[in-house]
Amino acid sequence: MAIRRITLADLAFGEPLRWDIFSTPSSNRPLLQKGQVLAPGQLDDWIEAGLYAEASSPVSVLQSLNQINRRLERTLMDLRDQGSADRELRAIAQDLIATVERGADVALAAIFLNQIAGAYAVRHCTEAAVVACLIAHAMHKSPVEVLVITAAALSMNVGMVRQADLFQNKDGALSHEERALVRRHPSASVEMLRFAGVSDEAWLDLVLLHHENDDGSGYPAGKLGDEISQNAKLIGLADRYCAFVSARNYRRSLLPPVALERLCAGNDMPYDQIVLGHFATQIGAYPPGTLVRLENAELGVVSRRDEDGAGMAVHVLRAADGKALAEAQQRVTTQPGCAIAEALHEDHAKLRFPMKQIWGELASL
């Protein structure tokens, strides 16, 4: 039996194990058996020493993102009852970083194709952390900085995580009390994280500052320019971008090129131009997962970013005459710019497909 070393990203607490787990590569007797339900912390002492499972059942990027989101939801919802959240949130952040490194295109596509399951409030933090992690890597941040940025993005909204879904489903404007809660949530999040055992001031500062703006219009303290760190601005941009491309009860999601244009135009507020430049190059107008119509009227989904001159790729799913293509007829085009005419919302594109069909085993469920 071929086996592989596993990490926390491969494990889903509260769910049956999908394979036997061994303490050494040569062990004949499993430490835990397939089907057992894993409790949080049960294997903490073993992870560093090494844990192993069948190599034939790797966890895909998409599975890993969903496991991470479930772990994050349990951690944030129970934060008031914890005294050592620092360790678990860092572990979740490390697993998310490893997941993005394994398949950044799949991780981005999962955001735009709504494939990360769970309540919006928590899912938004996971999605913003994916974007923030990707941009931090592109900016050549140190591993320590990338970890802190990712952990801060995952935990930035804990101060209102229980109320956020109520706001999401409202038809009208927020009340005065609700607006006050929103403006207070960075401070509340810091207080909750401190109480739960997080003492890293760099992490807490990013949570506190992620809604501050260069022109002083942000909250909670109305900081200006250089009073706001670049990493806080990075998280703030990831937060806003993911909010733009997510649907609300009162509006549709913005299409990716529209969301990027809105950030670049700076009509809402001035953004850090260095960070924004990395958004434009690393995510681009048509990130993976964007449904598009080509200039020849074919429909498809962007499957690869135009990163480092590698060329953007579009997986064509529907012919110009509107007929769905059989899998044998589907193809990937990598022409310059892929001759994209426009991005489409799902209800306009009318394309239905599993992510695995486009990205293979990295996107299996």
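**Exercise 1. The aromatic cluster**

Task: In this predicted model, determine which residues form one aromatic cluster, and classify the geometry of each ring pair.

Solution.

Step 1. A pair of aromatic rings is described by the distance of the centres and the angle of the planes. Rings pair if their centres lie within 6.5 Å, and planes over 60 degrees apart count as edge-to-face. The count under this rule is 2 aromatic pairs.

Step 2. For Phe-112 and Tyr-241, the ring centres are 6.3 Å apart and the planes stand at 80 degrees, so this pair is edge-to-face. Phe-112 belongs to helix H4 (residues 104-112) and Tyr-241 to helix H10 (residues 230-244); with their positions 129 residues apart, the pair links distant parts of the chain.

Step 3. Phe-112 has a relative accessibility of 15% and therefore counts as buried. Tyr-241, at 1%, also counts as buried.

Step 4. For Tyr-241 and Phe-279, the centres are 6.0 Å apart and the planes at 65 degrees, so this pair is edge-to-face. Because Tyr-241 lies in helix H10 and Phe-279 in helix H12 (residues 273-282), the contact ties together parts that are 38 residues apart in sequence. Both Tyr-241 and Phe-279 are buried.

Result: Phe-112, Tyr-241 and Phe-279 form one aromatic cluster.

**Exercise 2. Strand S6 and its partners**

Task: Establish how many residues of strand S6 (residues 313-318) are buried, and in which sense S6 pairs with S5 and with S7.

Solution.

Step 1. In strand S6, 6 of the 6 residues are buried, so the strand is largely enclosed by the rest of the structure.

Step 2. Strand S5 (residues 299-304) and S6 run antiparallel and are joined by 5 bridges. In this pairing, Leu-299 stands opposite Arg-318 of S6.

Step 3. S6 also pairs with strand S7 (residues 331-333) in the antiparallel sense, over 3 bridges. Here Val-314 has Thr-333 in S7 as its bridge partner.

Result: S6 has antiparallel pairings with S5 and with S7.

**Exercise 3. Cysteines and disulfides**

Task: State how many disulfides a search of the whole structure finds, and examine Cys-242 and Cys-264.

Solution.

Step 1. The search returns 0 disulfides. The cut-off is a pair of cysteine sulfur atoms within 2.5 Å.

Step 2. Cys-242 is in no disulfide, and the nearest cysteine sulfur, that of Cys-125, is 9.9 Å away. With 0% relative accessibility, Cys-242 counts as buried.

Step 3. Cys-264 is likewise in no disulfide; the nearest cysteine sulfur, that of Cys-242, is 15 Å away. Cys-264 has a relative accessible area of 40% and is partly exposed.

Note on methods. Residues are numbered from 1 along each chain as its sequence is written. This is a predicted model: local features need pLDDT of at least 70, side-chain atom pairs count only at pLDDT 80 or more; totals for chains, interfaces and linings use all residues. Side-chain values use heavy atoms; hydrogens and water are left out. Rings of Phe, Tyr and Trp (its six-membered ring) pair if their centres lie within 6.5 Å; planes under 30 degrees apart count as stacked, over 60 as edge-to-face and the rest as tilted. Helices (H or I, at least four residues) and strands (E, at least two) are DSSP runs, numbered from the N terminus. Buried means under 20% relative accessible area, exposed over 50%, partly exposed in between (1.4 Å probe, protein chains only). Two strands pair if DSSP finds at least two bridges between them.
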